[in-house]
Amino acid sequence: MIKNYLKVAWRNLVRNKSFSLLNIFGLSIGLTVTALILLWVNYEMGFNQFHEKKDRIYQVYNKYPVDGEIWTWNSTPKVMASAIKSDYPEVEEISRYFYNNTFLFSQGDKNLKSTGTIVDPSFLKIFSFPLVEGNIETVLDDVNALVVTETFAKKMFGGAPAIGQIVKMDNTDTFKVTGVLKDLPSNTEFNFEYLLPWAYAKQRGWDDEYWGNNSIATYVLLQEGTNYQAFSEKIKTLRRAHDKDAPDMVTYLYPYTRSHLYSEFENGVEVGGLIDTIRLFTIIAIIVLVIACINFMNLSTARSEKRAKEVGVRKVVGARKKALVWQFLGESILISLLAAIVALVVVVLVLPSFSELINTELHIDWSNPWFWVAILAIILFTGVLAGSYPALYLSAFKPSAVLKGTFNKINTLITPRKVLVVIQFSIAIVLITATIVVKQQISNVQNRKLGYNKDQLIYVNMEGAIESNYGSIKTELLDTGIAASVSKTNSPISESWSNSWGFEWPGKSLENKTLVHRMVADDAIIKTMGLRLKEGRDFDLRKYPTDSTAAILNESAVKLMGFENPLGQTVKDDGMDWHIVGVVEDFVFNSPFQKIEPMVIEGAKAWFTMIHIKFNPENTLANNLASTEEVFKKYNPNYPFKYEFVDENYARKFTSEQRIEKLASLFTLLTILISCLGLFGLASYMAQNRIKEIGVRKVLGASVSGITTLLSKDFLKLVGISLLIAIPISWYAMNQWLQDFAYRIELSWWVFGLAGSLALAIAFVSVSYQAIRAAKSNPAKSLRTE
């Protein structure tokens, strides 16, 4: 019986090549989109899940009330780890993790700049990063121990054994390789090529016992059977007991396995994060697959008249409805199988481009049996979903009606096919609207006034001998005409790396805990960055030596502090007084989608990590870069010259939104394409069933344009209904999405008008071919049997 079903199904596919190809093409698009999205979802859901002890690993978090809200963050004081380990027996292991640092390693003439971190020896006992060589119990015990990854070892030592090799770091301290780690998998939040022991941080004076310094991550491995929520309750007041400046601070544990997907908190409560994007695109995958199935249903039922007599004859000779249902389901599953094969080929071809688009290296594990189980499940699900309605519809025909040709009800006001088309185009219009709004929001923010000039502006990290030779470097850059201005800072102008709610100023209330951002500059910060001065002046250490303790405020900081005449006023930060010499307009230093927060730019008494260089615009950019490299090579010969343009750094702030916009555009295009195929099938169905009516109308003098309009208007009405359904849905959805941005566009009526116009135009193009073809047909052929 099954063999007979397959034989009949194959014959029908071959006999109706055009419809078969359209069905396979439509389903393969849906399956391709679904497969790509599910591959990405599987990758993200597997993030940080490979650690053997993952169910017992937690990260220390903090909660603190600020301005009526509860702030949540995961950086901790360095001293907290030892306090937790010594006081709480529920802790099996604990490790501090210094946020990544980049150092230059050298051996003879070989130099390698690599990114790594400093951890406690217990780090490798908590996390499953297997050692290829070395003893996990002692590998980080020595102060000069160095654990490297396979990639580091290959780049530094070539094919020579890594264990025992001696290297210098930053041409100062010597380290001995004591272990080699297997390269880190891609689905981990950690990103390092080497590990240094915490003892080295102590030796260099980077460790401290200040409870107010939140500068590292702390990871805890609890004893088996320990309830982390009960333990969190025990350490709740740990921070308060040691830090008099944080009387309301709450310390607690957060499951490490959730940190990647659930990273957003509001008022101290977990509200989502990447999981929201995963859910969104999972829904999109389901929608696209359902639309492809709807398309299959429309195309299948469009051939109902051709299959009706077959059903009638089969029923007359004794076929039961159940057998017919299985026959038609078999055909749909066969088409689903062929579509899946096409989809797999397409996925393999486009996977590199898709990986590049989402900035994630995806791959297919062909050897994983669960992959093939999932493929089979999707084939069966798609085949049954797409074929269920046609199977039930066609198998329900009555032999007496179909053999007389009286079963059609084409003038019914509401039919399942019409409902399916309305659903398809409602979704398409919502996606078109979303794409327009996302693109408009990104464009609006990109054109936002920055408050500084990012053109011809670079920054260089201070490493090696740059700090000691800064004066000579600056002088040569300025005297040779390479640079128009040079300034030292503690962060790029487009970012904020330091903040505090501990700033003090005259009249500040005890309840005021507003977070104030902190930037540091030595000289000419306004000139170098192109900031817009509102009142006062720039830093000028040569003319005003006391500018080493001067400060420049942005407008938001002046407003927060309530200064009517800010010049000459004093603000206090970490026990030091800073006198205000200037006020600049607000400038964008964090997310361009959010409001600008208070900023204090402190003078040269603070610390520096990088140099900003404003190039002389009279020279070409290539010449400026080449000359700058020569200067840095002269004064810092052991380090490669690495720089970054401020405008490129700023552009990366839009990466996430631009990725969503590109994906939305892609999936919208594919949804429209599938919807058009469904509309094409319905147009074919209509033309097929009204062929004799069209013939009569032509005999009575109807024109081609008149008949085309007659056939098209029914479809345009369906799209009009879709528009009425889609507009309120898309308005609500996009209005909710925009609420996440403080700096956002207002939804305009023309967005919905444009989306509706595009949908109507697409629908008209989809049906016009069939309508015109039917209108031009010879009435003699359609009426010759009458």
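Long-range contacts dominate the fold of this predicted model: of the contacts in the chain with a separation of 6 or more, 79% join residues 24 or more positions apart. The secondary structure that is brought together in this way comprises 24 helices and 25 strands. Of the 786 residues in the chain, 50% are buried. The accessible surface comes to about 36700 Å², and carbon and sulfur atoms contribute 56% of that area.

Turning to the interior, the largest nonpolar core holds 57 residues, and those touching the most other members are Ile-493, Leu-531, Phe-587 and Ile-601. Helix H14 (residues 416–446) supplies the largest share of this core, with 12 residues. Ile-493 offers a handy place to start looking around. Beyond its neighbours within four places in sequence, Ile-493 is in contact with Leu-531 and Phe-587, and its other partners include Tyr-452, Leu-457, Met-519, Met-529, Val-588, Phe-589, His-612 and Val-646. A second, separate core contains 49 residues, among them Ile-37, Phe-47, Ala-343 and Phe-371.

Helix H2 (residues 17–45) is worth a closer look. With 29 residues at 1.5 Å a residue, H2 should span 42 Å, and the 41 Å between its end C-alpha atoms agrees with that expectation. Most of the helix is covered, since 21 of the 29 residues in H2 are buried. A contact to H2 residues can be followed from Val-342, which is located in helix H11 (residues 321–358). Apart from residues up to four places away in sequence, Val-342 touches Ile-24 and Ser-28. Although Ser-28 and Val-342 are 314 residues apart along the chain, their C-alpha atoms are separated by 6.1 Å. Val-342 has a relative accessible area of 36%; this value lies between the 20% and 50% limits, so the residue counts as partly exposed.

A polar example is found at Asp-547, in the loop that links strand E19 (533–536) to strand E20 (550–554). Despite the loop setting, Asp-547 is buried, because its relative accessible area of 0% falls under the 20% limit. The side chain of Asp-547 makes a polar contact with the side chain of Arg-537, at 2.7 Å. Once neighbours within four places in sequence are set aside, Asp-547 is also in contact with Asp-538, Phe-539, Asp-540 and Leu-541. Further along the chain, the contacts of Asp-547 include His-579, Val-581, Gly-603 and Ala-604.

Notes:
Residues numbered from 1 in each chain as written. Predicted model: local features only at pLDDT ≥ 70, side-chain atom pairs only at ≥ 80, totals over all residues. Heavy atoms only, no water. Helix = DSSP H or I, 4+ residues; strand = E, 2+ residues; numbered from the N terminus. Buried < 20%, exposed > 50% of the residue type's maximum accessible area, 1.4 Å probe, protein only. Contact = heavy atoms within 4.5 Å. Areas by Shrake-Rupley, 256 points an atom, 1.4 Å probe, with all protein chains shown as cover. Core = buried A, V, L, I, M, F, W, Y, C linked by side-chain atoms within 4.5 Å. Expected span 1.5 Å × (residues − 1). Polar contact = N/O pair within 3.5 Å; in protein donor to acceptor, adjacent residues only side chain to side chain.
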